[in-house]
Amino acid sequence: MDAIAPLIAASVNAGTPLMLAALGLLINEKSGVINLGSEGMMLVAAVVGFAVAIETGDTSLGFAAGALVGMLLAGFFAWLTVWLGANQIATGLALSLFGAGASAYIGIDYVGKSLHGGNYGVPLLKDIPFLGPALFQQHPMVYLSLVLCATVAWFLQHTRPGLVLRSVGESPSSAHALGYDVRRICLLALLFGGGCCGLAGAFMSLVYTPMWVEGMVAGRGWIALALTTFATWRPLRVLLGAYLFGGITILTYHMQALGAPIASQLLSMLPYLATVLVLVLISRNTNWIRLNMPASLGKYFNPNT
Amino acid sequence: MAWISPLLAIVLTALCGVVLFGAVGKDPLSSLAVFFYEPIRDLRGWSEVGVKMAPLVLISVGLAMCFRANIFNIGAEGQFVLGAIAAGAVALYLDDGTNGGFWLISVALVAGTLGGMAWAAITAWLRDRYNANEILVSLMLVYVAELLLSYLVHGVLMDPDGMGFPQSKLFSEGFLLPVVLPNTRLHIGVVLALAASILAWLYMSKSFSGFKLQVGGMAPRAARYAGFSARRSLWISMTVSGALAGLAGACEVMGPIGQLTPSISPGYGFAAIIVAFVGRLHPVGVIFSSFIMALFYIGGELSQSRLGMPNAITGVFQGILLFSLLACDVFIRYKLAWRK
């Protein structure tokens, strides 16, 4: 039993950046905009957050900087796609490619530096046998991400702004006709998504590793995009999916450490293959996807026509 | 009109470069010269540009076809790697140190082409059969392909006399692509790239099948009404682009690299996405945009020694170029009007 607790803890830790990013992307997609730039935003946020934390010595400032730079990039994306009507797919790819280059460029001076990992924990609860080390000795951001998940679920299902957001994603022209400012709602959704991806990136470089390595996000931005489909755009299923993927990642590390007779490269393929598998399993039922996917996902809406 | 926006985008990217170099305290003009003049100062420079252009043209010709059909194959990097693996494995298997020549090189190139094609076919099949998003699937397969390459060069394909370095034996002389310009590295791949570009242009503009492909991309409903098969378009565009990316990978390992190593591509598969868009998704247009992208690559390498700037600057410029293009497109498509 004692060997399992650290595994659970590590899985939750590994799932957290996926969940943060996927929750943000979920809100994006609920407004009808798909942002393929998540990988790029996470990378830039990871390096900026790390740099700020190194220079100031304060991790929370690093998180703030990561979220801010994520929002900045998402704002730029919103200007191009929501106002100028540029192709969302192409612009998102541009953002991801730009993020990969820019983060490598910014990060040159920070390669090889590392932050000391801190000791965290929820008072009292962290001393419970088994449950303590498994669940209650995490970085505060892990608990914040859980709160965020619950908030997003509540916001979408039980609040008026959540309903408006969903209506924009389903039928922007109807929302527009009812007097809602579709572009502003999309912008806010994108900013939220960028902020979440920023937090996710910062979590990678500040808590998960904790250091900066070029390309360290390693496809998690894309996996987070796949998670929104996997979750059929429902926040609580995002939580499930994120921890599942965190678990797979940790399992591969653990099998390597145990000296399983499988090459490390083959084990490292698992999360990516699992993503493909999950996409196949979910997407094969076209009706199910059609019922759950925001109806105008990826389509440009021009309120002036 | 459509060609103004790539030109504007290149100018805009250069301006961003001026600002960026100025911001880090370099002389902007001489820095720009490192990117736009130094690579093509002499014949050797031109030949190096050609070496970089060959894979970029091959991949982006295929991607242009895909994007015109509205199939977003983002995983060309993976198909490139698989092509390299297949060609490299076949070359290593056939190579006995003395043989080689036209037929054996052709066999290896075909193997590479088929390797890339098979890798793309996985994405096409999952899309066709299970409706899985081709963007995410093809991208995930990039990571899988890179890990597979790393696995192979650490394992069965590793050079037994290589002192444990994760790389294959060097291919012997008979398995290296012939050089078209004496005393340079410019290999026959560049000729293959030009041929692919012209063939693709003929296919897209002169054949009925190419027409159906484009209708499917521009107006899926019209295509369905006309009875054009969307599945056919998917399979054609994915397999052709995979095959071309695989061929590019094969040429790269049998040309300038000459062996299998864990990192055979400086992101050609991703850069080719930008190249395809900047080339207006036109099979001949991508030759011009590949030229610019090749300058970025060589400029990035030079800027390390000339300017003390990291190689990563290439990636920054790549991203800025695509952003500028997308923004310019909008300003060219629409007229600016002040709100009354």
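The paragraphs below go through the fold of chain A, the nonpolar core, the contact between chains A and B, and one helix of chain B.

The model is a predicted one, and its chain A is built from 14 helices with 0 strands, so that a reading along the sequence gives α-α-α-α-α-α-α-α-α-α-α-α-α-α. The radius of gyration of chain A is 19 Å, close to the 19 Å that the globule rule gives for 305 residues, and chain A is therefore as compact as a globular protein of that length. Taken along the principal axes, the box filled by the C-alpha atoms of chain A is roughly 60 × 45 × 40 Å. Of the 305 residues in this chain, 50% count as buried, and among the contacts in chain A that link residues at least 6 apart in sequence, 80% join residues at least 24 apart.

From the chain as a whole we turn to the interior. The largest nonpolar core holds 216 residues, and those that touch the most other members are A:Ala22, A:Ala46, B:Leu58, B:Ile59, B:Ala87 and B:Met254. Helix 9 of chain A, which covers residues 182–208, supplies the largest share of this core, with 18 residues. A:Ala46 can be followed further: once its neighbours within four places in sequence are left aside, A:Ala46 is in contact with A:Gly66 and A:Ser103, with A:Gly201, A:Ala202, A:Met204 and A:Ser205, and with A:Trp212, A:Met216 and A:Val217.

The two chains also meet directly, in that 38 residues of chain A are in contact with 37 residues of chain B. On the side of chain A that touches chain B, the elements giving two or more residues are helix 4 (88–107), helix 10 (220–230), helix 12 (264–268) and helix 13 (270–283) of chain A. Helix 4 of chain A gives the most to this side, with 12 residues. By residue class, the side of chain A that touches chain B divides into 26 nonpolar, 11 polar and 1 charged.

Which residues of helix 2 of chain B are buried? In this helix, which runs over residues 28–36, they are B:Ser31, B:Val34 and B:Phe35. These residues cover an arc of only 95 degrees around the axis, and therefore lie on the same side of helix 2 of chain B. An α-helix has 3.6 residues a turn, so residues three or four places apart point the same way. The partners against which the buried residues of helix 2 of chain B pack are helix 1 (4–23) and helix 12 (285–306) of chain B.

Methods
Residues are numbered from 1 along each chain as its sequence is written. Chains are lettered from A and ligands numbered from 1 in the order in which they are written. This is a predicted model: local features need pLDDT of at least 70, side-chain atom pairs count only at pLDDT 80 or more; totals for chains, interfaces and linings use all residues. Helices (H or I, at least four residues) and strands (E, at least two) are DSSP runs, numbered from the N terminus. The radius of gyration is taken over C-alpha atoms; the globule rule is 2.2 Å times the number of residues to the power 0.38. A residue is buried if 20 or more other C-beta atoms lie within 10 Å of its own, exposed if 12 or fewer, and partly exposed in between; C-beta atoms are placed from the backbone. Two residues are in contact if their C-beta atoms, placed from the backbone, lie within 7 Å. A nonpolar core is a set of buried Ala, Val, Leu, Ile, Met, Phe, Trp, Tyr and Cys residues joined through C-beta atoms within 7 Å. Ala, Val, Leu, Ile, Met, Phe, Trp, Tyr, Cys and Pro count as nonpolar, Asp, Glu, Lys and Arg as charged, and the others, Gly among them, as polar. The arc is that of the directions from the helix axis to the C-beta atoms.
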